[in-house]
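User: Please take a close look at a single part of this model and give me one connected account of how that part is built and what surrounds it.

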Amino acid sequence: MSSPAVQQPESVQVVEPTIPPAVPVTAPYNPPAPQASAPSASLYVGELDPTVTEAMLFEIFNMIGPVASIRVCRDAVTRRSLGYAYVNYLNAADGERALEQLNYSLIKNRACSSYLSRIMWSQRDPALRKTGQGNIFIKNLDEAIDNKALHDTFAAFGNVLSCKVATDEHGRSKGYGFVHYETAEAADNAIKSVNGMLLNDKKVYVGHHISRKERQSKLDEMKAQFTNLYIKNLDTEVTQEEFNELFNRFGNVTSALVATDEEGKSKGFGFVNYEKHEEAQKAVDELHDTDFHGKKLFVTRAQKKAEREEELRRSYEQAKIEKMSKYQGINLYIKNLEDDFDDEKLRAEFEPFGTITSCKVMRDDKGTSKGFGFVCFSSPDEATKAVAEMNNKMIGSQAAA
């Protein structure tokens, strides 16, 4: 495919994608506050569109009463909005009216109702936030239930300080949420009244919220006292009787099962549950990585699906962080390359600046250059030198970077 005619050389730029460029940010809107001694009332505003600014919020909240200050919280490096802000009124009465009139209103005409804004009193005392008193957890929610619907349902039992339905990156409900009441009594009443009831034809569970630290503590305790085992790499010829006999040697087995398909053939894995933890631990110690019917067994503590998914997610996130850290400041993005540029030509242009560990011109499924590529150096100093020397430099008929 021939290249389009180039009337004037374009500028080729080299940037470091691992270090996001600074984004111009509107300074926090702080309208001059009248000289008043009355204490201010601070509101937390969540579920904000990343493009919402302090000025936009001021227009909305100042209609209720005089606003002392507004701050949209931003990432320290990229300066992008974190999706929440703090609005400070000069008096608590205006804050109360804002909660009543603006809560769950659309801050910026969003098409998806799950992105409705969420307003509540800002709780500055971390000790009070961490007690968990009055905080309940709701699961098995219908996907149509959003923040406002959840609030309207549970407001009947007491004063709601905050309310949120958990959503994924696309704004879709994850099927669970949280409601924080002003008092423990209100939370207890909500649990007694709603737990096991139908909301949108789905039976919901409502209970006291357990902090992540407490959940992790219980999980660690469960791990330390496991009795259920998962066995894989099992020879498909092993019968249920042989499987039982193998594990009965280590203690009182309450259940044992070789997983089978629709035709009754072994899938090569199974589960065993012992009466005592010590028996299960002994089976793991004695049988894991040992030969049975010509195959090495894999014997370990059985995990629930949610626990396995969480471990995989953590592993993925850790690998992602390590990869970003590894290439921080040494991986360059080069665009505006001519169509005939290949990996070797690109390498030749950047080799004078240091040791190149990888070099790639990106191509489509037909092998045609996409006009950009990547060069990775062995050190940040080499990459910085290449940026300084090559950015906007002419290569062929175009300016390479």
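Analyst:
**A helix and its surroundings**

The side chains of Ser 69 and Asn 88 make a polar contact with each other at 2.8 Å. Everything described here is read from a predicted model, and this pair serves as the way into the part examined below. Ser 69 is placed in strand β3, which covers residues 67–74. With a relative accessibility of 17%, Ser 69 falls under the 20% limit and therefore counts as buried.

Helix α2 spans residues 92–102, and its buried residues are Asp 94, Gly 95, Ala 98, Leu 99 and Leu 102. Viewed down the axis of α2, these buried residues keep within an arc of 145°, so they line one face of the helix. An α-helix has 3.6 residues a turn, so residues three or four places apart point the same way. On the other side of α2, Glu 100 and Gln 101 are exposed. As for what the buried residues meet, they pack against strand β2 (41–46), helix α1 (54–61), strand β4 (81–89) and strand β5 (118–121).

The two ends of α2 can be described as well. At its start, a side-chain oxygen of Asn 91 comes to within 3.3 Å of the backbone nitrogen of Ala 93. After the helix comes Tyr 104, which has a positive phi near 70°.

For context, other parts of the chain can be set beside this helix. Strands β7, β8, β6 and β11, in that order, form an open sheet of four strands with antiparallel pairing. The edges of this sheet are β7 (160–167) and β11 (205–208), each of which pairs on one side only, and the twist from one strand to the next averages 20°. Within the sheet, β6 (residues 135–139) and β11 are joined in the antiparallel sense over four bridges, and Ile 136 has His 208 in β11 as its bridge partner. Two helices lie across strands of this sheet. Helix α4 (residues 147–154) lies across β6, β7, β8 (173–181) and β11, and runs at about 140° to β7, while helix α5 (residues 184–194) lies across β6, β8 and β11, and runs at about 155° to β11.

Further along the chain, strand β20 (residues 369–377) pairs with two other strands. With β18 (residues 331–335) the pairing is antiparallel over five bridges, and Asn 331 has Cys 376 in β20 as its bridge partner. With β19 (residues 356–363) the pairing is again antiparallel, over six bridges, and here Lys 360 stands opposite Phe 374 in β20. Five residues lie between the strands in the hairpin of β19 and β20, where Gly 367 takes a positive phi near 90°.

Taken as a whole, the protein chain contains 11 helices and 22 strands. Of its 401 residues, 36% are buried, and its accessible surface comes to about 24100 Å², with 50% of that belonging to carbon and sulfur atoms. Among the contacts between residues at least 6 apart in sequence, 64% join residues at least 24 apart.

Conventions:
Residues are numbered from 1 along each chain as its sequence is written. This is a predicted model: local features need pLDDT of at least 70, side-chain atom pairs count only at pLDDT 80 or more; totals for chains, interfaces and linings use all residues. Side-chain values use heavy atoms; hydrogens and water are left out. Two strands pair if DSSP finds at least two bridges between them. Axes are lines fitted to C-alpha atoms, for helices over the stretch in contact, and angles run from 0 to 180 degrees between N-to-C directions. Contact means heavy atoms within 4.5 Å. Buried means under 20% relative accessible area, exposed over 50%, partly exposed in between (1.4 Å probe, protein chains only). Accessible areas come from the Shrake-Rupley method with a 1.4 Å probe; for residues, only the protein chains shown count as cover. The arc is that of the directions from the helix axis to the C-beta atoms. A polar contact is a pair of N or O atoms within 3.5 Å; within protein, one must be able to donate a hydrogen and the other to accept it, and residues adjacent in sequence count only if both atoms are side-chain atoms.
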